[in-house]
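Please open the structure in your viewer and keep the selection panel at hand. We will go from stop to stop, and at each one you can select the residues named before reading on.

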Amino acid sequence: MIQKQKLRDVPNDRKHLTAEPSRKLKFAKSNQFQLELRQRIDLFFYQNGFTERDCPQMYLKTFVLLLAFFSLYSSLVFLAHTWWQSLIISILLGLVMAGIGFNIQHDGNHQAYSSRPWVNKLAGISLELIGGSSHNWHWKHVIFHHTYVNILGHDNDLEIGIFGRLTPEQPHLSFHRWQHYYLWLLYGIMAIKWQLYDDFQSVLSGKMGENKYPRPKGWDLVIFVVGKALFLTLAFIIPLLFHSIWTVLAFYTVTTFVLGIVLSIVFQLAHAVEEAAFPLPLEGTKDIVQPWVVHQTETTVNFSRNNPLITWFLGGLNFQVEHHLFPQICHIHYPAISGIVEETCQEYGVNYLVHNSFWAGMVSHYRWLRKMGSST
Ligand SMILES: [Zn+2]
């Protein structure tokens with residue numbers, strides 16, 4: 001976390017801003033843009049007779065992804081005979097686990113899956129199946145990240161340890177000059193750390209980075225403990241009954257590396273790119289100059305909007321602008337509302353940011369890492 005004395009390292013044009021941790025930031029009052037956008041989206045749903053949640057396509061997708069998960073897992077543990085079969089299945093399993101993360105748990109934990117809270121809860125705990133914690137995710141992602149996107153000291157996604165510098169206000173260390181090469185490897189390892197260390201450390205300390213959060217209690221604690229026990233049983237105990245420890249560790253690592261790198265890249269492409277803004281509160285205040293809705297739009301970047309395969313697999317997270325503006329609308333609707341959002345942004349002079357392809361987003365993330373790594 002950046003300290004006050006580090007402000008001397010901040011570029012001159014950002015010195016009126018401050019990265020000191022302060023709770024409850026205040027965004028500027030909502031403006032006409034927000035009201036107009038909400039009205040247009042409401043009209044879209046009314047005119048088309050759509051519901052915002054409980055989309056049949058989402059239930060079908062859940063069935064397909066869970067079936068793929070259990071089929072691949074069973075094949076890996078019980079059927080694969082050669083190392084190359086296990087390698088292919090592990091890679092596919094990692095991709096399907098990322099798909100569960102992008103689609104089922106993400107919509108569930110945002111209350112975007114269904115209008116029934118228990119259905120959202122059930123969808124949300126699919127995160128436990130891939131090694132995470134729905135309670136921790138709610139705080140880390142839904143509260144800290146979504147409320148305070150790209151604001152250092154508040155958005156936990158900016159804090160990836162000393163090895164990565166994602167904003168101009170984070171301290172610069174000499175080895176950051178190579179971060180655009182080595183961070184990709186670290187992204188892969190992050191899911192292993194998250195499954196086996198971070199969640200436990202957060203629950204024990206009651207903290208995520210600089211943010212304090214309520215530890216799980218009651219049913220949330222039961223879900224945390226049972227969820228981790230179930231995951232460790234699936235990942236290690238059952239496979240160890242049939243294979244050597246080195247085989248189990250090797251293919252656990254491959255699967256989780258694929259999961260980690262895919263999850264990290266997709267989330268980084270939305271915010272850690274050259275075009276995204278990294279606002280801070282005005283110095284000495286807790287005030288953010290933009291209204292919340294403008295802040296969300298200008299700190300977030302879409303990519304590859306015309307690729308239905310990417311949209312399906314990523315749970316609409318290539319439409320991150322729409323997701324950040326309307327996180328409680330099921331992602332199935334993002335492509336349809338995207339045009340309305342873009343048009344309204346243009347009318348009101350709000351930056352609507354988009355990369356035409358996945359590759360363009362990757363290049364921009366690479367350049368941003370290189371830029372943050374080279375400046376002092
Ligand atoms: Zn989200």
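This tour visits a surface patch, a metal site and a helix in a model that is predicted.

Begin by selecting W83, W84, I88, I91, L92 and L95, which form a nonpolar patch on the surface and together have about 610 Å² of accessible area. Keep I91 highlighted and colour residues 83-109, since I91 is found in this helix, α3. Is I91 buried or exposed, or something in between? I91 counts as partly exposed, because its relative accessibility is 35%, and partly exposed residues are those between under 20% (buried) and over 50% (exposed).

Next, select the zinc ion and show the side chains of H106, H110, H141, H146 and H323, whose NE2 atoms are its protein donors and lie 2.1 to 2.3 Å from it. Along the sequence, these donor residues follow the spacing H-x3-H-x30-H-x4-H-x176-H. Now look at H110 and H141, a pair that links distant parts of the chain: H110 is in the loop between α3 and α4 (117-124), while H141 is in helix α6 (residues 134-147), 31 residues apart. Both H110 and H141 are buried.

Finally, select helix α13, residues 334-348, and display its side chains. With 15 residues at 1.5 Å a residue, α13 should span 21 Å, and its end C-alpha atoms are 20 Å apart, which agrees. Within α13, colour Y334, I337, S338, V341, T344 and C345, which are buried. Then turn the view to look down the axis of α13: its buried residues fall within an arc of 145 degrees, so they line one face of the helix.

Key. Residues numbered from 1 in each chain as written. Predicted model: local features only at pLDDT ≥ 70, side-chain atom pairs only at ≥ 80, totals over all residues. Heavy atoms only, no water. Patch = residues over 30% accessible without salt bridge, like charges linked within 9 Å, V, L, I, M, F, W, Y side chains within 5 Å. Areas by Shrake-Rupley, 256 points an atom, 1.4 Å probe, with all protein chains shown as cover. Salt bridge = Lys/Arg side-chain N within 4 Å of Asp/Glu carboxyl O. Helix = DSSP H or I, 4+ residues; strand = E, 2+ residues; numbered from the N terminus. Buried < 20%, exposed > 50% of the residue type's maximum accessible area, 1.4 Å probe, protein only. Donors = N, O, S within 2.8 Å, 3.2 Å for Na, K, Ca; no water. Expected span 1.5 Å × (residues − 1). Arc of directions from axis to C-beta.
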